[in-house]
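Here is a short briefing to read alongside the structure. It starts with the domains, moves on to where they meet, and ends with salt bridges and confidence.

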Amino acid sequence: MTPGRTSPRAAVIGAGSAGLAACVGLQAAGIEFDCFEKSDRVGGLWVFENPSGVAAAYRTLSSNAPKGYMGYRDFPMADDLPAYPSHWDFARYFDDYARHFGLHRHIQFGTEVTHVAARADGGFDVQLDDGRTQRYDHVLVANGHHWDARMPEPMFPGTFDGTLMHSRDYRDSAFLAGKRVVVVGIGNSAVDIACEAAHLADTTYLSVRRGAHIMPKYVFGMAPPNWLLNSASHKPGRVVLGALMRLTNGRGQDYGLPTPDHAFGDAHPTMSAGVMDELRLGRITPKPQIAELLGDRVRFVDGTVEPVDVIICATGYRITFPFFDEDFLSAPDNHIALYHRVIDPDRPGLFFVGLCQPLGAIQPLAELQGKWIGELLAGRCALPAVEDMRRAIKADQRWLRKRFIASARHTIQVDHNHYLKTLRREMRAGRRRARRAGANPGVPDSRSAGLVSAP
């Protein structure tokens, strides 16, 4: 606790979808806080041409899950929005959310956090790019995990005379007109960009290392209802949902894509309204991995060589925290182990919001995480003993390895509904711990301790 203060003070890093949810959770709990946002507006990755310079939104971007899944529970998306809202819709939605809860007065725009260091006497020193250093009892990290572009590893051997870029830097398809294009990847961004290229480029290749299950955005003419998507939370439901997707969408391997080496739901599915049609029409040609760059040509691992002008790598992102010293905290190979994806037991007072990849949407998860953190800081919830948290983290990591395929994309994967149920259960248990601790005067409360073990 900062000397002379009677209540905790928190810093929130980022005012995107997760940071805003964190702010609402703190505000509802009566916690004093400041939010620092590098950009001049809220919305993070959903802001097209965001002044932050790291947002990956392209002109035609829309959500990959229906709006019923994408909104905050305490602030649903408007009924008149399309089933899959655009980035314009989301940018407006996040601004409306922030105004509804009066968050703008807490946000310092155009302010980047450059360094965060733990203090020996508790709390953190937060350095800002304008030269200020401010002390906080708690820091909530909501800087996102879809901004630090990860190129193919290892990088393709050889040299390339054309344009080689990451999908993070893709904004508009106009420059692809008349070009010969290779899109690397099979995730949502990869198939979106390939579909756009298919209508402008002379040739469009989709270079795929591992097969994926492709879900249509519409089933029998409508967006899948929540109850149908929720069925992916259990194995029988995944089997049925996978069969339904194949029935309505066909199989990518019938048109040249690799056969998935995993069952439906064991990896993040790819949602696309158009890629199967482009494959059927021959406007997208599947290719295996790139083996070598040959100036103005590309050789693939199957031995074929094609002339190419543009390579767009939709190969994911690194999880990085540029404001932490690497020996304080990092995520090597995208691995970071946290209690319920929020708390590091060895770093009291530090919390992460939105640092998970759901089979679903991040907004409802971040919203509940923010409420949990608010209750912890207000003393209405208490955490289990540190050793119990460590054991729970190990169990969660075992579940993760069993539930999802091993890849850099799935190191922070969660099942949307399973996670929400687990976190609600933890909050109920935490309230019981707090009540027991309140009845025991020998147990410190969370206002001063940051992380409190149950008696």
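The domain bounds used here come from an automatic or database domain assignment. On that basis, the protein chain of this predicted model divides into domain 1, made of residues 9-148 and 317-437, and domain 2, residues 151-313. The chain has an average pLDDT of 92.

**How the two domains sit together**
- Measuring from C-alpha centre to C-alpha centre, domain 1 and domain 2 are 29 Å apart.
- Contacts between them involve 34 residues of domain 1 and 29 residues of domain 2.
- Together the two domains bury about 2,700 Å², and 45% of that area is on carbon and sulfur atoms.
- On the domain 1 side, look for Tyr-58, Asn-64 and Tyr-84: these residues supply 24% of the area that domain 1 buries against domain 2, more than any other three residues.

**Polar and charged links across the interface**
- Between domain 1 and domain 2 there are two salt bridges.
- If you count residue pairs in polar contact across this interface, with both residues at pLDDT 80 or more, you get 15.

**What the domain 1 face is built from**
- Four elements each give two or more residues to the side of domain 1 that touches domain 2: helix H2 (67-70), strand S22 (357-359), strand S23 (413-415) and helix H10 (416-438).
- Strand S22 has the largest share of that side, with three residues.
- Sorted by class, the side of domain 1 that touches domain 2 has 17 nonpolar residues, 12 polar ones and five charged ones.

**Salt bridges to find in the viewer**
- Side chains of opposite charge can pair when their charged atoms come close.
- The structure as a whole holds 29 salt bridges.
- One pairs the side chains of Asp-266 and Arg-403, with an N to O distance of 3.6 Å.
- Another joins Arg-92 to Asp-89, where the closest N and O atoms are 2.9 Å apart.
- Arg-92 and Asp-89 both belong to helix H3 (residues 87-100) and are three residues apart, about one turn of the helix.

**Where to trust the model, and where to be careful**
- Across the protein chain, 95% of the residues have a pLDDT of at least 70.
- Residues 442-455 have a pLDDT below 50, although this stretch has 39 contacts in the model beyond near neighbours in sequence.

Key:
Residues are numbered from 1 along each chain as its sequence is written. Side-chain values use heavy atoms; hydrogens and water are left out. Contact means heavy atoms within 4.5 Å. Buried area is the accessible area (1.4 Å probe) that two parts lose on being put together, summed over both. A salt bridge is a side-chain nitrogen of Lys or Arg within 4 Å of a carboxyl oxygen of Asp or Glu. A polar contact is a pair of N or O atoms within 3.5 Å; within protein, one must be able to donate a hydrogen and the other to accept it, and residues adjacent in sequence count only if both atoms are side-chain atoms. Ala, Val, Leu, Ile, Met, Phe, Trp, Tyr, Cys and Pro count as nonpolar, Asp, Glu, Lys and Arg as charged, and the others, Gly among them, as polar. pLDDT is the predictor's confidence in each residue, from 0 to 100.
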